[in-house]
Each structure stands twice: as C-alpha cells, then as structure tokens.
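This report concerns the sequence and model displayed below. It treats charged pairs, helices, the nonpolar core and selected backbone features in turn.

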Amino acid sequence: MVLLGTAINALLIVIGTLIGRLLQRIPDNTKETVMSIIGLAVAVLGIQMGIQSENFIIIIVSLVFGAILGEWIDLDKQLNRLGQFMEKKLGNKAKGGNISQGFVNATLIFVIGSMAIIGALDSGLRNDHSVLITKGIIDGFTAVILASTLGIGVMLSAVPVFLYQGIIAVFAGQISRFIPDAALQIFIQEMTATGGVMILAIGLNLVGVTKIRVANLLPGILVVAIAVMFMYLF
C-alpha cells in the first residue's frame with residue numbers, strides 16, 4: 001500500500017494532538033515558558049538543517065525570489081484564511097485554542113523538511129514506509145507539545161501532510177523517471193537547507209522575536225528545484 005506511511009504519519013499527528021489537548025490545563029505562565037522553549041528548539045532544528053547546504057547562494061536566491069512570489073500571491077494570508085474558516089466551522093478560540101495559528105504553524109513545521117520527500121519517495125518507489133513512520137513518531141511528539149499550547153488546530157495539519165506526502169508517493173515513479181538521481185539528491189540537500197531557514201523563522205516567530213510571514217517563503221522550494229536543475233544541466 002503506497003499511502004501506508006503517509007496515513008500512519010497523519011494518524012500520529014492526530015493522536016499527538018489529542019494527547020496534547022489533555023495537557024492544556026496548565027498555568028498560563030507555564031504555557032508561555034513552554035512555548036518559548038518550543039520556539040528555541042524549532043530554531044535550533046532550523047539552524048541544523050540550514051548548515052547542510054553546499055551552495056549557500058542557492059538558499060539566498062531561492063528565499064529572495066520565493067519571498068517575492070509568495071508576497072505577490074500572499075500565501076500566508078490564504079493559509080491563515082483557511083485556518084480561520086476551519087476555526088469558524090469547529091468553534092471559537094476559547095474551546096480549542098487559536099485554531100488558525102495552530103494549523104498554520106504545525107503545517108509548516110510538519111511539511112517543510114527532507115524526511116517528507118525522502119520518505120514519500122521510498123513509499124512510492126520501494127514500498128518502504130520506515131522513513132515516514134519515523135517522521136510520524138517525531139511529528140506525533142511535536143504535536144503533543146504544540147497542541148498543549150496552540151490548541152486543536154494542530155490536528156488539522158494532518159490533512160495537508162497527508163495530501164503533500166501522498167501526492168509525492170503516488171507520483172514517485174514518474175518523478176524518478178524524469179529527474180536524474182544525482183539531481184534529486186542535490187535538490188533534497190538544498191531544499192532541506194532552504195527549509196531550515198524557514199524552520200528557523202518559525203522558531204523565532206514562536207518565541208516572539210520576529211513576525212515573519214513564513215508561508216510566503218514556500219515558493220522558495222520551487223525556486224530551489226529550478227536552480228538545481230539549471231546547475232545540473234549547465
């Protein structure tokens with residue numbers, strides 16, 4: 001079953017969120033401290049991912065042009081609007097925390113990263129779901145922490161995670177047919193590094209140091225793919 005790893009990943013996010021909701025009745029001061037710790041941990045993860053690049057110019061170019069495209073489309077606004085729509089359907093903030101904030105932050109954290117792409121490709125090409133199951137365990141524990149402070153919206157991130165990884169898994173055969181393995185490996189490496197900068201921005205936002213519209217940086221992933229193919233061909 002090609003989508004088994006993706007389904008398990010999404011399910012573990014849901015389970016993690018439900019467990020996290022059981023921990024929501026903690027003092028506000030504790031929640032604030034925990035959120036700061038989460039932000040710092042996420043920032044450190046982003047730094048660790050970012051330094052994996054072997055061509056930092058790709059990161060700069062991808063983020064700059066990705067940001068220009070993202071600001072033009074205003075993906076951040078669209079993603080928040082989707083979160084707010086879900087918030088209206090599921091209830092107000094008092095019942096489940098800030099649903100929109102939880103959905104947006106969790107989606108960005110769970111989707112950005114090399115494990116999602118590598119795991120989905122393994123699922124589609126070799127029917128090996130170990131990477132996605134490992135990612136699911138990590139995402140599940142992260143969901144516990146996020147849901148305890150950001151609320152039930154974290155659970156909704158399981159939907160885009162399932163769609164994103166599922167599409168890659170289903171079309172893995174076509175991807176490997178048209179993209180040389182060497183180019184794919186370079187893309188994964190540079191995409192991980194570029195995503196690391198985005199993860200760093202998410203961490204700084206959670207701490208309250210910055211207010212970067214991280215979703216507007218997502219087109220940078222597409223720019224990475226174009227830049228890598230250009231370098232590979234020329």
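## Asp122 and its salt bridges

In this predicted model, Asp122 has a relative accessible area of 15% and is therefore buried, the cut-off being under 20%. Its salt-bridge partner is Arg126, with the closest N and O atoms 3.0 Å apart. Arg126, by contrast, is exposed, with a relative accessible area of 54%. The two residues are four places apart in helix 7, so about one helical turn separates Asp122 from Arg126. As a general matter, an α-helix has 3.6 residues a turn, so residues three or four places apart point the same way.

Arg126 also forms a salt bridge with Asp128, where the closest N and O atoms are 3.7 Å apart. Asp128 is partly exposed, at 25% relative accessibility. Asp122, Arg126 and Asp128 are thus linked in a network of salt bridges. The count of salt bridges in the model comes to four.

## Helix 7 and the residue that follows

Helix 7 covers residues 114-126. Its 13 residues should span 18 Å at 1.5 Å a residue, and the end C-alpha atoms are 17 Å apart, which agrees. Besides Asp122, the buried residues of helix 7 include Ser114, Ala116, Ile117, Gly119, Ala120, Leu121 and Ser123. The buried residues of this helix pack against helix 6 (99-111), helix 8, helix 10, helix 11 (172-178) and helix 12.

Just after helix 7 comes Asn127, which takes a positive phi of about 55 degrees. Asn127 lies in the loop leading to helix 8 (130-150) and is partly exposed, with a relative accessible area of 44%. Most residues other than glycine have a negative phi.

## Helix 8 and a buried charged pair

The 21 residues of helix 8 should span 30 Å at 1.5 Å a residue; the end C-alpha atoms are 29 Å apart, in agreement with that value. Buried residues of helix 8 include Val131, Leu132, Gly136, Gly140, Ala143, Val144, Leu146, Ala147, Ser148 and Leu150. Gly151 follows the helix and has a positive phi near 95 degrees.

Helix 8 also carries a salt bridge between Lys135 and Asp139, whose closest N and O atoms are 2.6 Å apart. Both of these residues are buried. Because Lys135 and Asp139 are four residues apart in helix 8, about one helical turn lies between them.

## Gln165 in helix 10

Which residues does Gln165 contact, leaving aside its neighbours within four places in sequence? The contacts are Thr6, Asn9, Ala116, Ala120, Leu132 and Lys135. Of these, Ala116 and Ala120 are among the buried residues of helix 7, while Leu132 and Lys135 are among those of helix 8. Gln165 itself is found in helix 10 and is buried, with a relative accessible area of 1%.

## Nonpolar core and surface patch

The largest nonpolar core contains 51 residues, and Leu108, Phe110, Leu146, Val154, Phe187 and Ile202 touch the most other members. Helix 12 (residues 181-207) supplies the largest share of this core, ten residues. Leu146 is also one of the buried residues of helix 8. Leaving aside its neighbours within four places in sequence, Ile202 is in contact with Val42, Asn105, Leu108, Ile109 and Val214.

On the surface, a nonpolar patch is formed by Val2, Val159, Phe162, Leu163, Ile167, Val170 and Phe171, which together have about 600 Å² of accessible area. Val159 is located in helix 10 (residues 158-170). Its relative accessible area of 49% makes Val159 partly exposed, since exposed requires over 50%.

## A further positive phi

Asp74 has a phi near 60 degrees, a positive value in a residue other than glycine. Asp74 lies in the loop between helix 3 (56-73) and helix 4 (75-90). With 23% relative accessibility, Asp74 counts as partly exposed.

How values were computed
Residues numbered from 1 in each chain as written. Predicted model: local features only at pLDDT ≥ 70, side-chain atom pairs only at ≥ 80, totals over all residues. Heavy atoms only, no water. Core = buried A, V, L, I, M, F, W, Y, C linked by side-chain atoms within 4.5 Å. Buried < 20%, exposed > 50% of the residue type's maximum accessible area, 1.4 Å probe, protein only. Contact = heavy atoms within 4.5 Å. Patch = residues over 30% accessible without salt bridge, like charges linked within 9 Å, V, L, I, M, F, W, Y side chains within 5 Å. Areas by Shrake-Rupley, 256 points an atom, 1.4 Å probe, with all protein chains shown as cover. Salt bridge = Lys/Arg side-chain N within 4 Å of Asp/Glu carboxyl O. Expected span 1.5 Å × (residues − 1).
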